[in-house]
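Colleague: Could you take me through one part of this model in detail, namely the protein surface that faces one of the nucleic acid strands? I would like the cut-offs spelled out as you go.

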There are 2 protein chains.
Amino acid sequence: MSKSTRENAILFLQQMTKVTLALKGYMRQKFKAHNVDITFEMLQVLRFLWEKESCNQQEIATAINKDKASLTYLLDNLGRRNLVLRTEDSQDRRNKIITLTQEGRELESLITPWLEEMYGLVAENVSAGDLATSLHTFETIYKNIQNKAE
Amino acid sequence: MSKSTRENAILFLQQMTKVTLALKGYMRQKFKAHNVDITFEMLQVLRFLWEKESCNQQEIATAINKDKASLTYLLDNLGRRNLVLRTEDSQDRRNKIITLTQEGRELESLITPWLEEMYGLVAENVSAGDLATSLHTFETIYKNIQNKAE
DNA sequence: GCTCAACAGTTAAATAACAAACTAATTTTA
DNA sequence: TAAAATTAGTTTGTTATTTAACTGTTGAGC
């Protein structure tokens, strides 16, 4: 690995961290400005449920890259805010079926525009080609890690 | 924003999350395999201190993109592990000067190779051009967010 | 049919992040 | 120089993540 490649790898990691933090901060500020009492992580759950009304916890966890313990916790918090409901699956009693409450469903129309703005922030001033290259780079790096970790 | 651009923006965010998690997991597994009782976040602090032996907390916080409250907490944990020392700055008593202990310095030679491996994972099978494009994309997105948030 | 492995979810303990309010020290400025 | 603003760090409360151990349920193979 050449010295400049190494430097760029380090910069890559730094910039990735900064972008992640900045996007979270952007959404947090939106929530605060509109008195919506949820976090970025809760939004990830809600966004999934807006698409797929009913499912078990593991399904959500897999979709949004979290483990099931985090989901237990997140759904407790969403339940406390009256945004989701947990019911036992009578078909397979290991499952808890998660559904949105009316309140949870109603948030969709308020928040979706902010999500679209966030997607816009990712795409703005970035050519389609550069975006695709970056995507491809992520995929390569991800594979590199999977291979190394066996 | 075209539909496919939007899709790619969403994929970009998903892949970025996955890469971040995978890299953290990779390092965690290294620490565990070698019985080194630190976290990825503590490593960020140590890595900075290996370069710049002595500084105050705010300087570290800025360099590794954390807030000062997180640093208070992280340095408590590093201190408990006997890896860093906090001393009051007699020049400006608002500052706490952070230095590595012998034990903290000794970790450098053990851990640096793992860091280099991590940089390698980012650069492996990625052309210099693609890496540079990705870097540039991050910078553009970061600027987009800064501009939108005023 | 029983046993055992696999699966879904919970819990507890440790670590981390963020916001807001706070203390103490220093610098600015009027 | 006295008051005000700024800066460094801590504390508190809420939220999130990870690991590991745990409970309960289901299903496969003998």
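Modeller: What follows is a close look at the surface near DNA strand D, and then at the helices and the chain arrangement behind it. This is a predicted model, in which local features need pLDDT of at least 70 and side-chain atom pairs count only at pLDDT 80 or more, whereas totals for chains, interfaces and linings use all residues. Residues are numbered from 1 along each chain as its sequence is written, chains are lettered from A and ligands numbered from 1 in the order in which they are written, and side-chain values use heavy atoms, with hydrogens and water left out.

A residue is taken as near the strand if one of its heavy atoms lies within 4 Å of it. There are 28 residues around DNA strand D, and those that come nearest are A:Thr39, A:Lys66, A:Arg81, A:Arg93 and B:Gln58. By class, this surface has 14 charged, 8 polar and 6 nonpolar residues, where Ala, Val, Leu, Ile, Met, Phe, Trp, Tyr, Cys and Pro count as nonpolar, Asp, Glu, Lys and Arg as charged, and the others, Gly among them, as polar. On the side of the strand, 71% of its atoms within 4 Å of the protein belong to sugar or phosphate, and the rest to bases.

Polar contacts (pairs of N or O atoms within 3.5 Å) can be given atom by atom. A polar side-chain atom of B:Lys68 lies 2.6 Å from a base nitrogen of DNA strand D, and an N or O atom in the side chain of B:Arg94 is 3.3 Å from a base oxygen of the strand. For A:Arg94, a side-chain N or O atom is 3.5 Å from a sugar or linking oxygen.

Helices here are DSSP runs (H or I, at least four residues), numbered from the N terminus. The largest share of the surface near DNA strand D, 6 residues, comes from helix 4 of chain A. The axes of helix 2 and helix 4 of chain A, lines fitted to C-alpha atoms over the stretch in contact with angles running from 0 to 180 degrees between N-to-C directions, come within 10 Å and cross at roughly 85°. These two helices of chain A are therefore roughly perpendicular to each other, the term covering 65 to 115 degrees. Their contact (heavy atoms within 4.5 Å) divides into 6 nonpolar, 1 polar and 1 charged residues.

Key: Polar contact = N/O pair within 3.5 Å; in protein donor to acceptor, adjacent residues only side chain to side chain. Parallel < 35°, antiparallel > 145°, perpendicular 65-115°, else oblique.
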